[in-house]
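Me: I would like a close look at a single part of this model, starting from one residue and working outwards. Please keep to what the coordinates support.

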Amino acid sequence: MKVNIYTMEGKVSKQMEVPEAIFGASWNADLVSQVLYSQASNRRAGTAHTKNRSEVRGGGKKPWAQKGSGRARHGSSRSPIWVGGGITHGPRNEKSYEQKINKKMRTKALYTVLSEKLRKGQIIFLEELNLKAIKTKDAVSIINDLSSIKGFERMVGGKRPNTYITVPAKGEVLKKSFANIQTVEIDEVRNMNPVDLLSYKYIIISQPTESVAFLGGKTEKLK
């Protein structure tokens, strides 16, 4: 499978052969859904916490005598049925939301999403991404030039994050230059995952030779 390789000015530089296993996989909604659910669950902080009746302050004294008052019997004013009482079956911070998923499934889901993105024309293979100094102006100029590519016109002008850039190694110059562009996220290719890929409409893979070689190393895990 051949794809176009673009320069930072948005011009076609050459073509490159990419593996069918990575960019030609058929869509598998069940697999992608399962992997997305597991990764989203693993990202949950689990900090929500409610107090049960044993943790709420007060309520040590019996509200009134067991008998003789004509009212229902109660042992504590901190019972869940009382205002100011403990919470029954509320969220607890000791609960773990972790969902285990094996490496083969994660890798296959990643390839599936990359293939679907390529079929929809939402991936740009960038020959190189190199900035000499930390300048947001230069980073914005690159995004504007790449938006001139057919199908990527809406990469600029929005307010929501819509562009995900991967690089073999993220230096301080690239990190800080793109930091102030609210619609762009830049990360290393080793951190690429289905959740992030599906959170952004456009994917830019820079230094495709190194990036595809890294992704191809995961193919051995599928065998």
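Reply: G216 is partly exposed, with a relative accessible area of 26%; the class follows because it covers values between the buried limit of 20% and the exposed limit of 50%. The residue belongs to helix 7, and the model it sits in is a predicted one. Apart from residues up to four places away in sequence, G216 touches I22 and Y111. A21 is 195 residues away from G216 along the sequence, yet their C-alpha atoms are 8.5 Å apart.

Confidence comes next. Over the protein chain the mean pLDDT is 92, with 98% of residues reaching 70 or more. Helix 7, which spans residues 208-217, has the lowest confidence, at a mean of 91, whereas strand 3 has the highest, at 97.

The setting of helix 7 is a sheet. The sheet is open and has 6 strands in the order 2-1-3-6-4-5, with mixed pairing. Strand 2 (12-17) and strand 5 (184-188) are at its edges; each has a single partner strand, so one side of each lacks a neighbour in the sheet. From one strand to the next, the twist averages 30 degrees. At one end of that order, strand 1 (residues 2-6) pairs with strand 2 in the antiparallel sense, over 5 bridges. Y6 has V12 as its bridge partner in strand 2.

Two helices that pack on this sheet can be described together. Helix 3 touches strand 1, strand 3 and strand 6, and its direction makes about 95 degrees with that of strand 3. Helix 7 touches strand 1, strand 2, strand 3 and strand 6, and its direction makes about 100 degrees with that of strand 6. Strand 6 thus appears in both lists.

Going back along the sequence from helix 7 leads to Q207, in the loop between strand 6 and helix 7. Q207 has a positive phi of about 45 degrees although it is not a glycine. Most residues other than glycine have a negative phi. Q207 is partly exposed, at a relative accessible area of 22%.

Before that loop comes strand 6 itself. What encloses strand 6, and on which faces? 5 of the 5 residues of strand 6 (residues 202-206) are buried, so the rest of the structure largely encloses the strand. Both of its faces are covered, with Y202, I204 and S206 buried on one side and I203 and I205 buried on the other. Along its edges, strand 6 runs parallel to strand 3 (residues 123-126), joined by 4 bridges, and parallel to strand 4 (residues 163-167), also joined by 4 bridges. I203 serves as a reference point for both pairings: it is the bridge partner of I123, and Y164 stands opposite it.

Helix 3 also has a helix partner. Two packed helices are described by the angle between their axes and the distance between the axes. For helix 2 (residues 29-42) and helix 3 (residues 103-119), the angle is about 115 degrees and the axes are 9 Å apart. Their crossing is left-handed. Helix 2 contributes L31, V32, Q34, V35 and Q39 to the contact, and helix 3 contributes M105, R106, K108, A109, T112 and V113. Sorted by class, these residues comprise 6 nonpolar, 3 polar and 2 charged.

The loop between helix 2 and helix 3 holds H89. Like Q207, H89 is not a glycine but has a positive phi, here of about 60 degrees. H89 is exposed, with a relative accessible area of 82%, whereas Q207 is partly exposed.

A last point for comparison is A139, in helix 4 (residues 136-146). A139 is buried, with a relative accessible area of 0%, whereas G216 is partly exposed at 26%. With neighbours within four places in sequence set aside, A139 is in contact with L131, S177, F178 and I181. V184 lies 45 residues from A139 in sequence, and the C-alpha to C-alpha distance between them is 10.0 Å.

Conventions:
Residues numbered from 1 in each chain as written. Predicted model: local features only at pLDDT ≥ 70, side-chain atom pairs only at ≥ 80, totals over all residues. Heavy atoms only, no water. Buried < 20%, exposed > 50% of the residue type's maximum accessible area, 1.4 Å probe, protein only. Pairing = 2+ DSSP bridges. Axes fitted to C-alpha atoms, helices over the stretch in contact; angles between N-to-C directions. Left-handed = near helix turned anticlockwise from the far one by under 90°. Contact = heavy atoms within 4.5 Å. Nonpolar A, V, L, I, M, F, W, Y, C, P; charged D, E, K, R; others polar. pLDDT = per-residue confidence, 0-100.
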